[in-house]
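Dear colleague,

I am handing over the structure below, and I would be glad if you kept it open beside this message while reading. My notes follow it.

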Amino acid sequence: MKQKFYAYLIGETKGIVDNWQECQSLVSGRQGAKYKSFESRGEAERWLDAGADYSIKHIAAEKGVYFDAGTGGGNGTEINITDENGNSLLKDIFPSSSLNPKGHYPLPGKTNNFGELCACKFALEISLKKGNKTIFGDSKLILDYWSKGFIKKDLPQETIDLANEVKNLRYIYEKDGGKLVHISGGSNPADLGFHKG
């Protein structure tokens, strides 16, 4: 089981513990107590520093460009690209009329993996344009294989062509000192959250 960290705020007292039982004993029955679980101690600290605000969905660990794709919104695959604070960067490359009401870019009829690859391409383009040196995503398939040109030849030609385009962009990006980093969906401010219960 993956390690979790539990941040709590009770009046002026705040802290972080590494198990739910301890957090529960601290906050149970305490009026106004706030608490939330995180995947890293750093995220928990940043949430507390930001005022233990429940409206903050993600506390990104590092400055950078974050990407994700999802298929659970009910309208097919869509992609999201944000900065570390969850602010959309899609408006930098698409007119607002191309984005859906949530500010995501729709890819109807495409698979989630195609969406992740497409989002990686746009994250690379944005990062090259803005001089950003770190891109984060939660798809190991895209980061470890497809964006490096390792792709099965029996996939649709459109996917193979996009993978080659992304591979070339990644080469330019990394040659200039950029890096692509895997993070969990729970730590990704661009996470569409469709896989969550």
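What follows goes from the whole chain to its sheets and then to its charged pairs.

Please keep in mind throughout that this is a predicted model. The chain has 197 residues, of which 46% are buried, and its C-alpha atoms fill a box of roughly 60 × 35 × 35 Å along the principal axes. It holds 5 helices and 8 strands, and from the N terminus on these elements run β-β-α-β-α-β-β-β-α-β-α-α-β. Among the contacts with a separation of 6 or more, 60% are between residues 24 or more positions apart. The accessible surface comes to about 10600 Å², and carbon and sulfur atoms account for 49% of that area.

The N-terminal part is a convenient place to begin. Here 3 strands form an open sheet in the order E2-E1-E3, with antiparallel pairing. Strand E2 (13-17) and strand E3 (34-38) stand at the edges with a single partner strand each, so one side of each is left without a neighbour in the sheet. On average, and with direction ignored, neighbouring strands of this sheet are turned by 15 degrees against each other. Strand E1 (residues 5-10) is joined to E3 by 5 bridges, and Leu-9 has Lys-34 as its bridge partner in E3. Helix H1 (residues 20-27) packs on this sheet, where it touches E1, E2 and E3, and its direction makes about 10 degrees with that of E1. The N-terminal end of H1 is capped by Asn-19, which has a side-chain oxygen 3.4 Å from the backbone nitrogen of Gln-21, while after the helix comes Gly-29, with a positive phi near 80 degrees.

Further along the chain, strand E5 (residues 77-82) is mostly covered, with 6 of its 6 residues buried. Thr-77, Ile-79 and Ile-81 point one way from E5, and Glu-78, Asn-80 and Thr-82 point the other way, yet all are buried. E5 pairs in the antiparallel sense with strand E4 (residues 65-70) over 5 bridges, and within that pairing Tyr-66 stands opposite Thr-82. E5 also pairs with strand E6 (residues 105-107), again in the antiparallel sense, over 3 bridges, with Ile-79 opposite Tyr-105 in E6.

Finally, the charged pairs: a search of the whole structure finds 7 salt bridges, including the three described here.

Asp-92 and Lys-130 form a salt bridge in which the closest N and O atoms are 3.2 Å apart. Because Asp-92 lies in the loop between E5 and E6 and Lys-130 in helix H3 (residues 112-130), this pair ties together parts that are 38 residues apart in sequence. Asp-92 is partly exposed at 31% relative accessibility, whereas Lys-130, at 51%, is exposed.

Lys-121 and Glu-165 form another, with their closest N and O atoms 3.2 Å apart. Lys-121 lies in helix H3 and Glu-165 in helix H5 (residues 157-175), so the pair links parts 44 residues apart in sequence. Lys-121 counts as buried at 15% relative accessibility, and Glu-165 as partly exposed at 35%.

Lys-133 and Asp-176 have closest N and O atoms 3.1 Å apart in their salt bridge. Lys-133 lies in the loop between H3 and strand E7 (134-137), and Asp-176 in the loop between H5 and strand E8 (179-182), so parts 43 residues apart in sequence are tied together. Salt bridges that share partners also join Lys-121, Glu-125 and Glu-165 into one network.

With best regards

Definitions and conventions
Residues are numbered from 1 along each chain as its sequence is written. This is a predicted model: local features need pLDDT of at least 70, side-chain atom pairs count only at pLDDT 80 or more; totals for chains, interfaces and linings use all residues. Side-chain values use heavy atoms; hydrogens and water are left out. Two strands pair if DSSP finds at least two bridges between them. Helices (H or I, at least four residues) and strands (E, at least two) are DSSP runs, numbered from the N terminus. Axes are lines fitted to C-alpha atoms, for helices over the stretch in contact, and angles run from 0 to 180 degrees between N-to-C directions. Contact means heavy atoms within 4.5 Å. Buried means under 20% relative accessible area, exposed over 50%, partly exposed in between (1.4 Å probe, protein chains only). A polar contact is a pair of N or O atoms within 3.5 Å; within protein, one must be able to donate a hydrogen and the other to accept it, and residues adjacent in sequence count only if both atoms are side-chain atoms. Accessible areas come from the Shrake-Rupley method with a 1.4 Å probe; for residues, only the protein chains shown count as cover. A salt bridge is a side-chain nitrogen of Lys or Arg within 4 Å of a carboxyl oxygen of Asp or Glu.
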